[in-house]
Amino acid sequence: MNLKLVTSAALVAIATAFPAAAAVLNFETNGYTGDIENLGNDEYFAGAGITFSSTNGLSAVATGSPTDGFVPNDLPNPNTFGNYFLTSDFGRTTELNIKYDTAVSAASFEMADIDGLQDPPGNQEVFTYTLYLNNTQVGSTVTIQDGDPNTGDAKVTPVGFSGLGLFDEIRISGTTSGGVRNIGIAFDNFNTTVNVTTNPVPLPAAAWMLLAGLGGLGIVGRRRKRS
């Protein structure tokens, strides 16, 4: 057996035993058509290993459409949302839960149109973000509201988490400070990072066999050299 071929095969097996380091979900290649597509209360994206859910219901909405998640024909500024983004139905409160198949160490995404200060008092939008691992809260709850940096009418607000250890769920909830008007979520450009160091996928049996074969070849080579 050619030692170089065995080495290459072993490296390939080891490399494919670990998940990809990052994935970006921007809802652009999911086959959505028209102004809005209702997704029900939960939607699983197999390629990213992510489940989105909301008791208010989820929709994929065309950016700038008459049924836009902001104001009809309004556009996020800057327009980083592409053709489609994810939104929850409007209500006095709103929520979006993000569940991972595999725990991660960092995540980032964008939300738009966190506003309300220009409306009568009590209409300021307030969003909270809480991370969980196996249903146990990780770190403190983060709050973003209109008036914070990069918030306001149609503005895009970057949101990110890192350095808190592993988590497998993000729960987002929103309301207005007085709970006096309907509110929704405009969500896009979701980036996840898998912690391959802390959560490695076990090597397949074939990889261990190849590594053992490499060790055996090394022993045989030393014996031949001695003889």
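Setting aside neighbours within four places in sequence, Phe45 is in contact with Leu25, Phe27, Asn30, Tyr32, Ile50 and Phe52. The model behind this picture is a predicted one. Phe45 itself is found in strand S2, and with a relative accessible area of 6% it falls under the 20% mark, so Phe45 counts as buried. One of its contacts, Asn30, is 15 residues away along the chain, and the C-alpha atoms of Phe45 and Asn30 are separated by 9.2 Å.

Another of those contacts, Phe52, leads on to the nonpolar core. The largest such core has 34 residues, and Phe52 is among those with the most contacts inside it, together with Ile98, Phe109, Tyr129, Ile172, Phe187 and Phe190. Quite a list of strands feeds this core: S2 (36–45), S3 (50–62), S4 (84–88), S5 (93–112), S6 (125–133), S7 (136–145), S8 (156–176) and S9 (186–194) each supply at least two of its residues. The largest share, seven residues, comes from S5. There is also a second, separate core of seven residues, and Val61, Phe70, Val156 and Ala186 are included in it.

Phe109 gives a good view of the main core. Apart from neighbours within four places in sequence, Phe109 is in contact with Tyr129, Thr157, Pro158, Val159, Phe161, Ile170, Ile172, Phe187, Asp188, Asn189 and Phe190. Tyr129, Ile172, Phe187 and Phe190 from that set also appear, like Phe109, among the core residues with the most contacts. One more of the contacts, Val159 in S8, is the residue that Phe109 stands opposite.

That pairing belongs to a bigger arrangement of strands. S5 and S8 run antiparallel and are joined by 15 bridges. Besides Phe109 and Val159, Ala107 stands opposite Phe161 in S8. Strand S8 also pairs with S6: these two run antiparallel as well, with eight bridges between them. Here Glu125 has Thr176 in S8 as its bridge partner. On the S3 side, four bridges join S3 to S5, again in an antiparallel arrangement, and Ser53 stands opposite Asn97 in S5.

Next to Ser53 in the numbering comes Ser54, which lies in strand S3. At 3% relative accessibility, Ser54 counts as buried. Not counting residues up to four places away in sequence, Ser54 touches Asn41, Ser88 and Glu95.

Charged residues add another set of links. Side chains of opposite charge can pair when their charged atoms come close. In this model, the count comes to four salt bridges. One of them is formed by Lys99 with Asp168, where the closest N and O atoms are 3.6 Å apart. Lys99 lies in strand S5 and Asp168 in strand S8, so this pair ties together parts that are 69 residues apart in sequence. The partners have unlike surroundings: Lys99 counts as partly exposed because its relative accessibility is 32%, whereas Asp168, at 7%, counts as buried.

A salt bridge also forms between Asp115 and Arg181, with the closest N and O atoms 3.5 Å apart. Asp115 lies in the loop between S5 and S6 and Arg181 in the loop between S8 and S9, so the pair ties together parts that are 66 residues apart in sequence. Asp115 and Arg181 are both buried.

Arg181 has a further partner in Glu125, and there the closest N and O atoms are 3.2 Å apart. This pair links distant parts of the chain too, with Arg181 in the loop between S8 and S9 and Glu125 in strand S6, 56 residues apart. Like Arg181, Glu125 is buried. Through shared partners, salt bridges join Asp115, Glu125 and Arg181 into one network. Glu125 thus turns up in two settings, as the bridge partner of Thr176 in S8 and as a salt-bridge partner of Arg181.

Definitions and conventions
Residues are numbered from 1 along each chain as its sequence is written. This is a predicted model: local features need pLDDT of at least 70, side-chain atom pairs count only at pLDDT 80 or more; totals for chains, interfaces and linings use all residues. Side-chain values use heavy atoms; hydrogens and water are left out. A nonpolar core is a set of buried Ala, Val, Leu, Ile, Met, Phe, Trp, Tyr and Cys residues joined through side-chain atoms within 4.5 Å. Buried means under 20% relative accessible area, exposed over 50%, partly exposed in between (1.4 Å probe, protein chains only). Contact means heavy atoms within 4.5 Å. Two strands pair if DSSP finds at least two bridges between them. A salt bridge is a side-chain nitrogen of Lys or Arg within 4 Å of a carboxyl oxygen of Asp or Glu.
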